[in-house]
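Trainee: Before we take this model at face value, could you walk me through how its labels are earned?
Mentor: Sure, let's look at it together.

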Amino acid sequence: MTAPPLLRVEHLTMRFGGLLAVDDVSFDAADRQITAIIGPNGAGKTTVFNCLTGFYKPTVGRLALNSSEGSEHFLERMDGFRIAQHARVARTFQNIRLFPRMSALENLLVAQHNRLMRASGYTAFGLFGLPVYRHAQAHAVERARYWLDRIGITARADDNAGTLPYGDQRRLEVVRAMCTEPVLLCLDEPAAGLNNRESAELNELLLFIRDEHKIGVLLIEHDMNVVMKISDYIVVLDHGRRISAGTPEQIRNDPAVIRAYLGEEVDEALPAEVARDLGVPATAPRGQP
Amino acid sequence: MAVSEIAVAAGSRLERPFVDILKDAAITGAVTFALALPLVGFQTVDQTTAIVLRTRFPELFYAVAVIFLGRLLMLLTNAGLARPIAAATGALSLLWLANGFFDVFEPPHMVLGWLTWIADTVVALRAALVMRRRQVAAAGYLRSDFGEHVVVMVNRLGGWLAPFVAAFAVALPFLPFADQRVMDIGIAILTYVMLGWGLNVVVGLAGLLDLGYVAFYAVGAYTYALLSTKFGFNFWEALPLAGGMAASFGIMLGFPVLRLRGDYLAIVTLGFGEMIRLILLNWSDLSNGARGIGDIPRPSFFGMPFTPAPPEGVVAFHQYFNLDFAPIHRVIYLYYIILLLALVTNFFTLRIRKLPIGRAWEALREDEVACRALGINPTNTKLTAFAIGATFAGFAGSFFATRQGFISPESFNFLESAIILSIVVLGGMVSQIGVVVAAVVLIGGPEWFRDLSAYRMLAFGALMVAIMVWRPQGLLAHREPTVRLNDPKRAKPS
């Protein structure tokens, strides 16, 4: 019998009053792989994320997380902060949510809050500066330094996070999530607003996380450059429904996907720009992969 | 006419035509006249038989003249005469101050005299500021750097200064000028410093705007008063219980307001403060209602009371140390108690800020959603902030009860909450030294200038407006990271 996948989403449905934001979506996300969720605006991608990370309670569905260490969690039953604390699912946000008036280093230390709280004896040991807490603190700073080195902003570690350049803030948010030592990292449009160089740096960071830290990454992204280059598996949503899933190669040639992105008209040739983003030849008639 | 000649001579160097400036000042004067005529010019006086209308035209003339001249000087300052105006008004301001000490010249009306001095000083300070700005602009600095730089310096110095301030506070009772009045003011200031530091945990660190902080102060005070008068607890036994009681009230308040932030939280906490006061007022069986609780035991020094004639078998403080009885002994002892409590508060809050819980409070203030995504339990984190803030208020409350010997709900009205919050906001959130400065100004100031008590609220308001205009983030607001990776001295200025 094969081990269950890291994350198995079954029949996930989210209804807000009369609006069906996510409609019976099922997919798997494997360990040590980057799984991308793509789809046009309003397809329900962020809603899926919010269900996974406990910001919404799904109307219907099962979200089973099986870490390689053998623990099993049903995310749909857990409170938001408990998902991050016990199931160890970390996330970033579409609009950056750093702690802008705290230093970059402090941002990474807040991410290690639960471990440090235990080490500080829920503040009692920390108040008297016992060695057990001092070691934990030094260890946490070392971990933060490792990640700051990784994204190359160690020199600005003591500056307020809000004063860092935009691209650095994006990557700082990603490594802040990594400091919680997650088994699944959920990234909501990490490349939004980045220029080509910054976007390349982000790709490198995500591949590093997948390969060196051996965790699963779940990615919402609009930038096809990023998606096609680094994803191992892609799930396509449209109007809350899953319309396709497969490897980048399969997705790029799936007529349903092309229809969702470009509308029903299949006669016209793709505009050159769009074709390049989707990675298909500009002259290929759609409907015939 | 020498004045007009100077004006014409100066006019050639002005950056704006003198006539323009004169016109502007005249318009300002006219507006002042229109506003002040009904407000200042006429006064209704209640005589036994009827209400009479009285005129106050000299005051009206004075107001218009001050505004006209002030505006004129300010515009001239901006037009390039900053240096001579700063020199002239500064000299006048100093002369006036000197006159205040040596009484050479008696102004016709004392308050008008002081108002003139304030107006003159404001013009002088403004002219100096404009001068400074022009120099800085010429040197190519950013305008805002200077104030920030000063604040960073003061906060850095704060670390060095703190032991000296503490040493001064410890030595104060033995200094020659320390009479009963000085000690009373010192006790009042220290009480509010302690309350300010306690509230800083809730408002400054956790970012939870609490307008009902006085409720916990009241809980602490009543806990001590009831425990001591009904069950015979002494001060030191009751102190932890009062803190614990206040903390549980903090948690009680915390639960219903967990989901609220900003304005809504402020309103609910305001209501909570009033509720506690009204309960104390109306639950007469427990709190004795509006008559309050009297005869609260004074603290004793290791069981030795500060009384001239102790009961049989008890040795009083002055007998044990072979001193003559003096009421100030007890005041000094109370002073040391509150100093100790304040220092404990300071040590605790400084320390806890650098612990995970302190960083979590600040993170919660910055972004609650991100905190949840990082696995921080917002409920527990907020409740600890409320509980710890309330504990310190509870300690301060029992001190208040033992110092006064009598408490009633009147002592715990909204104004107290407002004053404590003003101390935190004026001093600058998260700034320990800022709270001390603000408490000295807001509590010590009115106590020193009791003669001018009618104008206290006016000065208070003016101060608030000035701070909000020039330093909306608070006098000494500046945040140092709780932990550093790089040495700040070697880091290049960015």
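**Reading the labels**

Mentor: This is a predicted model. Start with the contact: chain A puts in 33 residues and chain B 29 residues. On the side of chain A that touches chain B, α2 (80–87), α3, α4 (113–119), α5 (124–127) and α6 each supply at least two residues.

Trainee: What makes up that side of chain A, in terms of nonpolar, polar and charged residues?

Mentor: It divides into 15 nonpolar, 11 polar and seven charged.

Trainee: How do you know that the span of helix α7 of chain A agrees with its 13 residues?

Mentor: At 1.5 Å a residue, residues 166–178 should span 18 Å, and the end C-alpha atoms are 19 Å apart, which agrees.

Trainee: Why is α7(A) called mostly covered?

Mentor: A residue counts as buried with 20 or more other C-beta atoms within 10 Å of its own. In α7(A), 10 of the 13 residues are buried, including L172(A), V174(A) and M178(A). The buried residues pack against β6 (89–91), α3 (104–110), α6 (131–151), β7 (184–188) and α8 (196–213) of chain A.

Trainee: Over in chain B, why are α7(B) and α15(B) called oblique?

Mentor: α7 (residues 214–231) and α15 (residues 378–404) of chain B pack at about 50 degrees, with axes 6 Å apart. Roughly parallel needs an angle under 35 degrees, and roughly perpendicular takes 65 to 115. The angle fits neither, so the two helices are oblique to each other. Their crossing is right-handed.

Trainee: What kinds of residues form that contact?

Mentor: They divide into 13 nonpolar, six polar and no charged. Among them, F216(B) and Y217(B) are on the α7(B) side, with F395(B) and F400(B) on the α15(B) side.

Terms used
Residues are numbered from 1 along each chain as its sequence is written. Chains are lettered from A and ligands numbered from 1 in the order in which they are written. This is a predicted model: local features need pLDDT of at least 70, side-chain atom pairs count only at pLDDT 80 or more; totals for chains, interfaces and linings use all residues. Helices (H or I, at least four residues) and strands (E, at least two) are DSSP runs, numbered from the N terminus. The expected span of a helix is 1.5 Å times one less than its number of residues. A residue is buried if 20 or more other C-beta atoms lie within 10 Å of its own, exposed if 12 or fewer, and partly exposed in between; C-beta atoms are placed from the backbone. Two residues are in contact if their C-beta atoms, placed from the backbone, lie within 7 Å. Ala, Val, Leu, Ile, Met, Phe, Trp, Tyr, Cys and Pro count as nonpolar, Asp, Glu, Lys and Arg as charged, and the others, Gly among them, as polar. Axes are lines fitted to C-alpha atoms, for helices over the stretch in contact, and angles run from 0 to 180 degrees between N-to-C directions. Angles under 35 degrees count as roughly parallel, over 145 as roughly antiparallel, 65 to 115 as roughly perpendicular and the rest as oblique. A crossing is left-handed if the near helix is turned anticlockwise from the far one by less than a right angle, and right-handed if clockwise.
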